[in-house]
Amino acid sequence: MLEIQGIAVSDGISFAKAYCLKDPDLSFEKVTVLDVQEELERFKAAMGKAKKELQEIYEIAQGKFGADKAAIFAAHLLVIEDPEMIVAIKSKILAGENAEYALDEVASMYIEMFEGIDNIYMQERVADIRDVSKRVLGHLLGIEMVDINRLSSEVIIVAEDLTPSMTAMLDTKYVKGFITDIGGKTSHSAILARTLEIPAVVGTKNATQVIQQETLIILDGTNGKIIVNPTSEVLSFYKQLHTQHITACEELLQYRSLASFSADGCAVEIAGNIGKPEDVDMILNAGGDGVGLFRTEFLYMGRQELPSEEEQFLAYKSVLEKMQGKPTIVRTLDIGGDKHLSYLKLPAEMNPFLGYRAIRISLTQQDIFRVQLRALLRAGAYGHLKIMFPMIATLDEFLRAKAILLEEQQHLKSNGYLIAENVEIGIMIEIPSAAIIADIFAKEVDFFSIGTNDLIQYTLAADRMNENVSYLYQPYHPAVLRLIKNVIDAAHQQGKWVGMCGEMAADEIAIPILLGLGLNEFSMSASSILKTRAHIAKLSKQQSMLHIERILLLSTTDEVKEYVQRHLISS
Amino acid sequence: MKKMYKITAPEGLHARPAALLVTAVTPFECDVALTYKEKSVNLKSIMGVMAQGVAPGGIVEISAEGPDAEKLFQTVTEVFISKGIGEEC
């Protein structure tokens, strides 16, 4: 038995065999073959196996995710069937090279050739060729390749990190959780785990090195603990914990159809964050009061050209219709930073989080922005749409973005489109400058939504993806709390409302403080909605308000935690 | 048989358009080549076609020899037009 500690990012306990995603050792020797016919047969057999696998994967992916996401495997099939490549490899084998070496030589030749062409499509093809040649090489060497989407039994995935495309392929029927070496509470894989409602532990540093393929593991996503090869006593203890967790979840279900009120009867809104139209179902299942953050990047990512107005319109419309009149806040494109679009050809930057991203791109590349706004305004006719702009730093940015929106609104109207009228327009508060001059913004906007992940990162100047400075990611830091107070007070003075759509909105300690500060809307992963509603139902807003002044005078995170626990939660 | 086509796909003859074209001609028996800037490649080879790097607006020559060449050109023209890849010229 072995214990590993990591960062708990998604609640729940699961038990399954480890499924390690690591690059297998595909090294080989160059040898001269004597029986070239036999070598050719060996090559053909490996190609046949690889091709059969790719066809299977393609079919599975098509059924599961649609033709669009499956297209990458269609490309792989074309590569493996490429007659020129096959001829080149065969002629090398006929000249006495072993199949592994011949394959590698030819694949490397193509990779080198494509890398020399300055074109983003070529870079993707390079990845395709690498994938395919690895697959064939694996068969030549008799090494089983792992395929995340060809699972047929329950597993817990163990990987260094999960890329967005890998996570898009996860099937929760078989994937009972995941463990990664790197990452933190706000990394993409962590957010995804909460969206999928599967337990996850990240930032373990060495899980991939110590966990062997197929060993039984217990994954405790609530406490960030992993137990490898548990004894039967430990296993039964965790099974009991698991049952308790399920019971607790069932108890929460009574809050599903209840409105969100504090113990002393003050109404708040508890909404959900979504990244794809399908995520709406989870918000509705949890009885969310609305969508507090609809990230629109999914429409732009994993493809080769910008999405059309029509495509976007249909996606937004489907969400607004499903929400049946409940408020749905859509954030305009927030690309840049750690999110890239290959086809936009954004230059690499020294400080991407401080660089060309979000509204900065929208205001410069207005053709992209205007298409999105038109699609949104048209979709707005089908539900309760609110729009917000990300990464606003100056008033001028907001006024320009709003002017563009109004222009497009006018334009659509005069062209006879059915569009949303009186759409509330707000901004994300993520940059300290905006938080500090919230009083100025409050006169112009309809609402604020505080994006705490970025606000904390910018306030404490700590990259939230960098493990070495993760101790600086402090939601209860007095500076952060004071900024939030400033924003809420400024908004309320102008009769505007304030929401929060970062991780902090679902934080047990932060919630009583935010309630006392007067936050109107809490938006979070679907999986946190019921827990938060139950938590708030036991808190008194009046009581919290009485303590705010004291809390804001505390000097450290630990003091805040202790104070809140003692005075606000237990009472 | 030979025919000239102008590529109209905005990204040129890369990725998706190239894949569509290769997929369309692969089932045919005859040999088929794509010539661009005096360089010829096998049109059944996705990597050969992409290595050509045909830019939008580029003129390519497709030549085919074999029993089903005529039918192949019908298919190629159809794919070019229906998928917005290019036009005969």
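In this predicted model, A:Glu269 sits across from A:Glu521, a residue of strand E16 of chain A. That pair is a handy way into the middle of chain A, as E9(A) and E16(A), the latter covering residues 521–524, run parallel to each other and share 4 bridges. E9(A) also pairs with strand E10 of chain A (residues 291–295), again in the parallel sense, this time over 3 bridges. Here A:Gly272 is the residue that faces A:Val291 of E10(A). To get from E9(A) to E10(A), the chain passes through helix H9 of chain A (residues 280–285), and the resulting β-α-β crossover is right-handed. How many of the 6 residues of strand E9 of chain A are buried? The count is 5, so this strand, spanning residues 269–274, is largely enclosed by the rest of the structure.

Stepping back to chain A as a whole, its secondary structure adds up to 21 helices and 16 strands. The chain has 571 residues, and 43% of them are buried. Taking the contacts in chain A between residues at least 6 apart in sequence, 68% link residues at least 24 apart.

Another part of chain A holds an open sheet of 8 strands with mixed pairing, laid out in the order E1-E8-E7-E3-E4-E5-E6-E2. Its edges are taken by strand E1 (2–5) and strand E2 (7–10) of chain A, each of which pairs on one side only. From one strand to the next, the twist averages 30°. At the E1 end, E1(A) and strand E8 of chain A (residues 225–228) run antiparallel and are joined by 4 bridges. Within that pairing, A:Glu3 has A:Ile227 as its bridge partner in E8(A). Helix H8 of chain A, made of residues 232–252, packs on this sheet and touches strand E3 (13–21), strand E7 (216–220) and E8 of chain A. The direction of H8 makes about 115° with that of E3(A).

Next come the nonpolar cores. In soluble globular proteins, nonpolar side chains tend to be buried together. The largest nonpolar core of this model contains 93 residues. Which residues have the most contacts inside it? They are A:Leu376, A:Ile427, A:Ile429, A:Ala438, A:Phe448 and A:Val487. Helix H17 of chain A (residues 478–493) supplies the largest share of this core, with 8 residues. As for A:Val487, once its neighbours within four places in sequence are set aside, its contacts are A:Ile429, A:Ala435, A:Ala438, A:Phe448, A:Ile450 and A:Val498. There is also a second, separate core of 54 residues, and A:Ala46, A:Phe73, B:Leu21 and B:Ile62 are among its members.

A:Ala348 offers a contrast to these core residues. Is A:Ala348 buried or exposed? It has 7 C-beta neighbours inside 10 Å, and 12 or fewer is the cut-off for exposed, so A:Ala348 counts as exposed. This alanine lies in the loop that runs between strand E11 (327–331) and helix H11 (359–364) of chain A. A:Gly336 is 12 residues away from A:Ala348 along the chain, and their C-alpha atoms are 9.8 Å apart.

Chain B has 89 residues, of which 38% count as buried. It is built from 3 helices and 5 strands, and its pattern along the sequence reads β-α-β-β-α-β-α-β. For contacts in chain B between residues at least 6 apart in sequence, 71% connect residues at least 24 apart.

Chain B also has an open sheet: 5 strands in the order E3-E2-E4-E1-E5, with antiparallel pairing. Strand E3 (39–42) and strand E5 (86–88) of chain B are at the edges with a single partner strand each, so one side of each has no neighbour in the sheet. The twist in this sheet averages 30° from one strand to the next. Strand E1 of chain B (residues 2–7) runs antiparallel to E5(B), with 3 bridges joining the two. In that pairing, B:Tyr5 lies opposite B:Glu88 of E5(B). Helix H3 of chain B (residues 69–82) packs on the sheet, where it touches E1, strand E2 (31–36), strand E4 (59–65) and E5 of chain B. Its direction is at about 150° to that of E4(B).

Methods:
Residues numbered from 1 in each chain as written. Chains lettered and ligands numbered in written order. Predicted model: local features only at pLDDT ≥ 70, side-chain atom pairs only at ≥ 80, totals over all residues. Buried ≥ 20, exposed ≤ 12 C-beta atoms within 10 Å, placed from the backbone. Pairing = 2+ DSSP bridges. Right-handed = clockwise from strand over helix to strand, strands pointing away. Core = buried A, V, L, I, M, F, W, Y, C linked by C-beta atoms within 7 Å. Contact = placed C-beta atoms within 7 Å. Axes fitted to C-alpha atoms, helices over the stretch in contact; angles between N-to-C directions.
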